[in-house]
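Colleague: Pick one part of this protein and take me through it slowly, please. I'd like to know what touches what.

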Amino acid sequence: MKGFDRYMDSILFDQMVRQDGTLDSSKLVSRETLYVGRNGKAVERFVVENDDHSSFIFKPLTNLETIGREMWVYEHLLPHIPVRYPNLLAQAKHRDADRFWAIYEDLGPLQHRFDRDTLVKAAAAIPSWHQLPMDCLPADFTGHTPKVDVVLNEVREKSELWQSILEKRSVPAYLIDRAARILQQVDDELQSEWTVSHGDYHPLNLSVRNDEIIILDWEYVHLNSMYWDLYNLLDITSPNYRRPEVNASVRNEVLQVYYARRLQLGWSSRFHTFQKNYYRYALIHSLWIMTLIDKDLKAGKLDQDALLEQQKETLAIVTDLLLEENEIRG
């Protein structure tokens, strides 16, 4: 693989990893935790003692259901996508999920930003994999979130819950009524076009270096609505990070950039329809997230303050989506 031969003569990566799938500190100059995955395992930067004290990124399997997928993507999919990503240098030779690991090139300190320029650059990159034929991807690859039809059914079933949440947070009654009407009106257009999806395209999996977008963590690649990557980029929230509000102007500019790039690649669609359906797709998922946050708050899960901040962010997004959807529809 690209980057592997350059280091193989002086570094034997599998000697840096213990039998239990963790880094061996005795073989390293230093190590630092970059983030902790969903299963509690740490992704780390480590430095080895060679001529230039090279550093690399160690990534254990942080999501058991995706074992081997990112390696498949690196071999079969990413060569066809003209974007920058860290090169894969080595991986475990076994397929034991508890001990599986991979090592990537270290691109240095990366900035994870939510600013307009980053969002625009990230949106322009998405069509490079959305335009790939869907049969290039195994059909059994799945994401970490249910598809929109499942989410829509759950939101409809929990209508009283999310309406009560919005009422308690002083959302105007006319906006709550508008949300209920939208849920009655949505149809198959929201899932009519599926694409190859990155699957986890939120800003912490994006970085900027020398004005270039670098895209990380491809382990959730799967087939999904074209709106899923855009929703992750623009409007998804998490208790694990705080994101600045994306106002309607920035959101519409990002949608325009994506739309224009897809047209250049041979796509055919009306922007008004595309835009309207994005707002409805995003609203459905944000209402669903509101119900999940409420469930976690009641169960005492996670950091309560972080959940309340996520709830506040999601509430602002729901309100903005409803106001702007009305403008688009009008």
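Modeller: Contact here means heavy atoms within 4.5 Å of each other. Bear in mind that this is a predicted model, where local features need pLDDT of at least 70 and side-chain atom pairs pLDDT 80 or more, while totals for chains, interfaces and linings use all residues. Numbering starts from 1 along each chain as its sequence is written, and side-chain values use heavy atoms, without hydrogens or water.

Let's start at Lys147. Lys147 sits in the loop between α4 (127-130) and α5 (148-157); helices are DSSP runs of H or I with at least four residues, strands runs of E with at least two. If you skip the neighbours within four places in sequence, Lys147 is in contact with Trp194, His222, Leu223 and Asn224. Asn87 is 60 residues away from Lys147 in sequence and 30 Å away in space, C-alpha to C-alpha.

Lys147 also helps line a cavity, along with Thr145, Pro146, Val148, Asn224, Trp228, Tyr281 and His285. A cavity is a set of points on a 1 Å grid where a 1.4 Å probe fits but cannot get out, and lining residues have an atom within 4 Å of a point. This one is the second largest, holding about 30 Å³, a volume being the space filled by the probe spheres. Its lining splits into 4 nonpolar, 3 polar and 1 charged, with Tyr and Pro counted as nonpolar and Gly as polar.

Now follow Trp228, Tyr281 and His285 out of that lining, and you reach a helix pair. The axes of α8 (226-234) and α10 (271-299) come within 10 Å and cross at roughly 65°; axes are lines fitted to C-alpha atoms, with angles from 0 to 180 degrees. On the α8 side the contact includes Trp228, together with Met226, Tyr227, Leu230, Tyr231 and Leu234. On the α10 side, Tyr281 and His285 are among the residues taking part, as are Phe274, Tyr278 and Ile289. Across the two helices that makes 11 nonpolar residues, 4 polar and no charged ones.

The whole structure has 2 cavities of 30 Å³ or more, and the largest measures about 90 Å³. It has 14 lining residues, with Leu61, Glu70, Met71, Phe100 and Glu219 nearest its centre. The elements giving two or more residues to that lining are β3 (55-60), α2 (69-76) and β5 (101-105). By type, the lining comes to 7 nonpolar, 3 polar and 4 charged.

That leads to the sheet: 5 strands in an open, antiparallel arrangement, ordered β1-β2-β3-β5-β4, where strands pair if DSSP finds at least two bridges. β1 (30-36) and β4 (88-91) are the edge strands, and the twist averages 25° from one strand to the next. β1 is joined to β2 (42-47) by 6 bridges, with Arg31 standing opposite Phe46. α2 lies across β3, β4 and β5, at about 40° to β5.

Technical notes:
On a 1 Å grid over the protein atoms alone, a cavity is a set of points where a 1.4 Å probe fits but cannot get out, and a pocket is an open set with protein on both sides within 12 Å along at least five of seven lines; lining residues have an atom within 4 Å of a point.
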